[in-house]
Amino acid sequence: MRQECASTSPHLKRGGHCERIAREYFERSGYTVLFTRLHLYFAEIDLVLLAPDGSIVLVEVKSVVFDLIWRTPVGRAQQRRLVRAFEDICGSCARPVQLL
């Protein structure tokens, strides 16, 4: 029996929908999208934006089910990967970098 394609799983569909909403919000707010789902060797950054002030903004988009809102949406392992990605990008970028 074939497994269902991961891209059609409900949580990935919801995540993609929320990423589109976030991208559209930032674009309306004057940000320029540089990358979506930027894959690094240890992490994925949902959105990499150029802010109106010229700084680079890294965005991790999370959708939260209302009854589970008390939980931390980003676990410790993911936090470490995101911080490492942030540090790597900061070290190779001449512009200021923000993490949202």
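Reader: How many helices and strands are there in the protein?
Author: Bear in mind that this is a predicted model. From the N terminus on, the elements go α-β-β-β-α-β. That order fits the tally for the protein: 2 helices and 4 strands.

Reader: How far apart are the end C-alpha atoms of helix α2, and what span should its residues give?
Author: Helix α2 covers residues 76–92, which is 17 residues. At 1.5 Å a residue the helix should span 24 Å, and the distance between its end C-alpha atoms agrees, at 24 Å.

Reader: Which residues of α2 are buried, and within what arc do they fall?
Author: The buried ones are Q78, L82, A85 and I89. An α-helix has 3.6 residues a turn, so residues three or four places apart point the same way. Looking down the axis of α2, its buried residues line one face, because they fall within an arc of 60°.

Reader: And which exposed residues sit on the face of α2 turned away from its buried side?
Author: Flip to the face turned away from the buried side of α2. The exposed residues it carries are R76, R80, E87 and G91.

Reader: Is E60 buried or exposed?
Author: E60 is in the loop between β3 (56–59) and α2. The cut-off for buried is under 20% relative accessible area. E60 has 16% relative accessibility, so it counts as buried.

Reader: What joins the side chains of E60 and Q78?
Author: Q78 is one of the buried residues of α2, while E60 belongs to the loop between β3 and α2. Their side chains are joined by a polar contact of 2.9 Å.

Conventions:
Residues numbered from 1 in each chain as written. Predicted model: local features only at pLDDT ≥ 70, side-chain atom pairs only at ≥ 80, totals over all residues. Heavy atoms only, no water. Expected span 1.5 Å × (residues − 1). Buried < 20%, exposed > 50% of the residue type's maximum accessible area, 1.4 Å probe, protein only. Arc of directions from axis to C-beta. Polar contact = N/O pair within 3.5 Å; in protein donor to acceptor, adjacent residues only side chain to side chain.
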